[in-house]
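Q: I should like to learn how interactions and domain contacts are read from a set of coordinates. Could we take the features one at a time, with the general idea before the case?

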Amino acid sequence: MLYSDAFRMSEHQTFLFPHRHLLGIEGLSRPDIETLLELADKAVEVSRQVEKKRATLRGRTQINLFFEPSTRTQSSFELAGKRLGADVMNMSVASSSVKKGETLIDTAMTLNAMRPDIIVVRHHAAGAVHLLARKVDCSVINAGDGAHEHPTQALLDALTIRRNKGRIEGLTVAICGDVLHSRVARSNIILLQALGARVRCVGPSTLLPEGIEQFGVETFTNMRKGLQDADIVMMLRLQRERMNGSFVPSVKEYFRFYGLDAEKLSWAKPDALVMHPGPMNRGVEIDSGVADGARSLIREQVEMGVAVRMAVLEALAQHLPNDGGHR
Amino acid sequence: MSAFLPPQLFHNARIVDPATERDERGGVLVRAGLIVDVGPHLMAGSGPDGTQEHDCGGHVLAPGLVDLRAFVGEPGAEHRETLKTASEAAAAGGVTTVVCMPETNPPIDEPAIVDFVLRRARDTAIVHVHPAAALTKELAGRELTEIGLLQEAGAVAFTDGTRAVTNAQVLRRAMTYARDFDALIINHVEDPDLVGDGVMNEGARASLLGLHGIPREAETVVLERDIRLARLTGARYHAALVSCADSVEIVRRAKDSGLKATCGVSINNLTLNEIDIGDYRTFLRLSPPLRDEDDRQAVIAALAEGVIDVIVSDHNPQDVETKRLPFSEAANGALGLETLLSAGLRLVEAGQVTLPRLLHALSTRPAQLIGVPGGQLSAGKPADLIIVDIDFPYVVDKLKLHSKSKNSPFDEARLTGRVLKTFIAGRLVYAYDEQ
């Protein structure tokens, strides 16, 4: 028996995940998503043990290539890789070679020459991760590209919902706030609909993308109507530069009409749960009382983040060259 | 207090209700500040016991006027006009609801200023006053104001007053945002770059006077753009002032295609033309400028037809400091509240517009646009009423005007028809005194 089999999270490799990269939720089938969620459930167990280390990625190199600063996503991927035994290197490119004029492709080719097995990429431009994936030989995970996709966030949100509600099928999920600029919203819309949830987008029209109804979501510009009968209220972060008159007039007005406080939460179902991808702007899109309250899943989302990333790494590891092989 | 007033019967009147086109002899019964009955059966002695009777002397009894565009100097320029003096001028002109523009100092761009204006108006004004709030912060055309909070505070429309929002992206976002609150956006359709140094209508007259002209395209370019953005966003859009035939065509086309956009016209552009500027009369320096006679006839026809929705006074008090200057250096603006109806009646007298149509554009339609209950003579509506002698000839004397400023474009003009009495919720706030 190969040592790696003994240390996989799934005792027998019974799952099938037919993708070399994870570039987005789009393109994943419902079974693909369910496979990842089941692996992630197991990873939660692994992470809750004293001995958290597995050997799935032993001898593998994982590079976290972040063109945009990130604390939680980067550390979550780092921890996930380390728990599976990979050698993890973090590269914050925002402050290094890109400033010196190196292009995205140059950076990718340079890293590729170092023979990594997995590259986790975040970039401020939509589509940048896809471009990079076409140029390198290893597996690529999208950790967020512009306002396009953030697949591991959607997976961790789904895992959190499933573990708390027991299902996703048939739930009504209200995604509220700055949908226009949110990659989290796009990935969630695709994933939650694939698993049978009803998805709504709620926010001022200036923050709702044109034509989003064509994705099959319902849109609301009024929180009272948008939250009615919702099982899950998912708040999105409003970037500071969009608060003062460009997309919304002011923080005060935004909080008054769209910030989630106890009163607005009371418009949703009595057992509705609150989520936020973080980092939160307290007093802008969410009130502290709600963020820290009994119905908040926000901290649990962080824990599920590590588990989901372990699951994704394990699933992609299937497609890495075998031990002892050469590339 | 009005709850304790006895019932009031306005009888022996020509009742003109522009909302229903009713125009017949009869009366109006009022109780507790509200109209309770209207019709030919309401004659002297027909009211309940204790009714207080007002004999209208056969004159016109109509809903008070609603003016969507008045500049008041409060706060910040109280030497030109206060809410009190503006409201007195309004009452004397038969205007029972005034929408004041946000170009004050400080501008009406936050809820506290809306609240201030409403409180001052409550304490000092004798007619209804509703503030229009700024559409962009500091009227600078860059950042949206708190449309939702301003609306909750009592703002009835959003506009940068005499300034056009020139940045199309800003206007698009404002329209998109305002739609969520069903807020009315009013834009001044005049491109400041095309206006440039212009001070009057571009053409032979300006050339003769040696003044820089303002092309009609300064208006049509902005109007065309705004209409397209209104279509894109679905916002409630109102072009503050149109002044020329080309603009009328743009609005007509938009309306024919089903767009809900509306527009207004200044009483000045309906009743005066560029020739009236004569010998550099700065009281006729206006924005938009007075156009030529063909344009004037075009806007009158558009009003008669309903392409133009509302008539505004564009009341803009200016003192000698800003008006007793060479034409090219003087400020824009003219008084309008007090002469609004008399000037408008010129069009009725000339047979170009019917009286109900004129009053519709002066009361019913503007009230609808800002969502206030005036402009109708029917049961349940507030008894904001005017009694008008439409045949009363007089010569305008600026010294007798109620405004603090005296820049009337109709000074020494002969007008026919004037307001005899004005009532707010059944209470007399103005009575014409022949002295």
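Q: Let us begin with charged pairs: how many salt bridges does a search of the whole structure find over all chains?
A: The general idea is to look for a side-chain nitrogen of Lys or Arg within 4 Å of a carboxyl oxygen of Asp or Glu. In this predicted model, the search returns 36 salt bridges over all chains.

Q: Which residue forms a salt bridge with Lys165(A), and how far apart are the closest N and O atoms?
A: The partner of Lys165(A) is Asp271(A), with 3.5 Å between the closest N and O atoms. Lys165(A) belongs to helix α6 (residues 151-165) of chain A, whereas Asp271(A) sits in the loop between α10 (262-265) and β9 (273-275), so the salt bridge ties together parts that are 106 residues apart in sequence. Asp271(A) has a relative accessible area of 45% and is partly exposed.

Q: How are Asp115(B) and Arg119(B) placed in helix α2 of chain B?
A: These two residues are four apart in helix α2 (residues 111-124) of chain B, and therefore about one helical turn separates them. Their side chains meet in a salt bridge with an N to O distance of 2.7 Å. For exposure, the class between 20% and 50% relative accessible area is partly exposed. Asp115(B) falls into it at 33%, and Arg119(B) does so at 44%.

Q: Are Arg216(B) and Asp295(B) buried or exposed?
A: Both residues are buried. Arg216(B) and Asp295(B) form a salt bridge whose closest N and O atoms are 2.6 Å apart. Arg216(B) lies in the loop between β12 (213-214) and α7 (217-233) of chain B and Asp295(B) in helix α10 (residues 293-305), so parts 79 residues apart in sequence are tied together by this pair. Partners may also be shared: in chain A, salt bridges join Arg30(A), Glu34(A) and Glu169(A) into one network.

Q: Turning to domains, into which parts is chain B divided?
A: Domain 1 of chain B covers 2-61 + 382-390 + 414-431, and domain 2 covers 63-370. Their C-alpha centres lie 30 Å apart. The contact takes 22 residues from domain 1 of chain B and 24 residues from domain 2 of chain B.

Q: How is the interface of these domains described by area and by polar pairs?
A: One reads the area first, then the specific interactions. Domain 1 and domain 2 of chain B bury about 1,900 Å² between them, with 70% of it on carbon and sulfur atoms. On the side of domain 1, Pro18(B), Ile386(B) and Leu415(B) lose the most area, together 29% of what that side buries. Across the interface the rule finds zero salt bridges, but five residue pairs are in polar contact.

Q: Which strands supply the side of domain 1 of chain B that touches domain 2 of chain B?
A: At least two residues come from each of β1 (8-17), β16 (385-395), β17 (414-424) and β18 (427-431) of chain B. The largest share, nine residues, comes from β17(B). The residues of this side of domain 1 divide into 14 nonpolar, three polar and five charged.

Q: What does Arg418(B) touch, apart from residues up to four places away in sequence?
A: Arg418(B) lies in strand β17 of chain B. Among the residues that Arg418(B) touches are Ser342(B), Asp389(B), Phe392(B) and Tyr430(B). Burial is read from relative accessible area, with the cut-off at under 20%; Arg418(B), at 12%, therefore counts as buried.

Conventions
Residues are numbered from 1 along each chain as its sequence is written. Chains are lettered from A and ligands numbered from 1 in the order in which they are written. This is a predicted model: local features need pLDDT of at least 70, side-chain atom pairs count only at pLDDT 80 or more; totals for chains, interfaces and linings use all residues. Side-chain values use heavy atoms; hydrogens and water are left out. Domain bounds come from an automatic or database domain assignment. Contact means heavy atoms within 4.5 Å. Buried area is the accessible area (1.4 Å probe) that two parts lose on being put together, summed over both. A polar contact is a pair of N or O atoms within 3.5 Å; within protein, one must be able to donate a hydrogen and the other to accept it, and residues adjacent in sequence count only if both atoms are side-chain atoms. Ala, Val, Leu, Ile, Met, Phe, Trp, Tyr, Cys and Pro count as nonpolar, Asp, Glu, Lys and Arg as charged, and the others, Gly among them, as polar. Buried means under 20% relative accessible area, exposed over 50%, partly exposed in between (1.4 Å probe, protein chains only).
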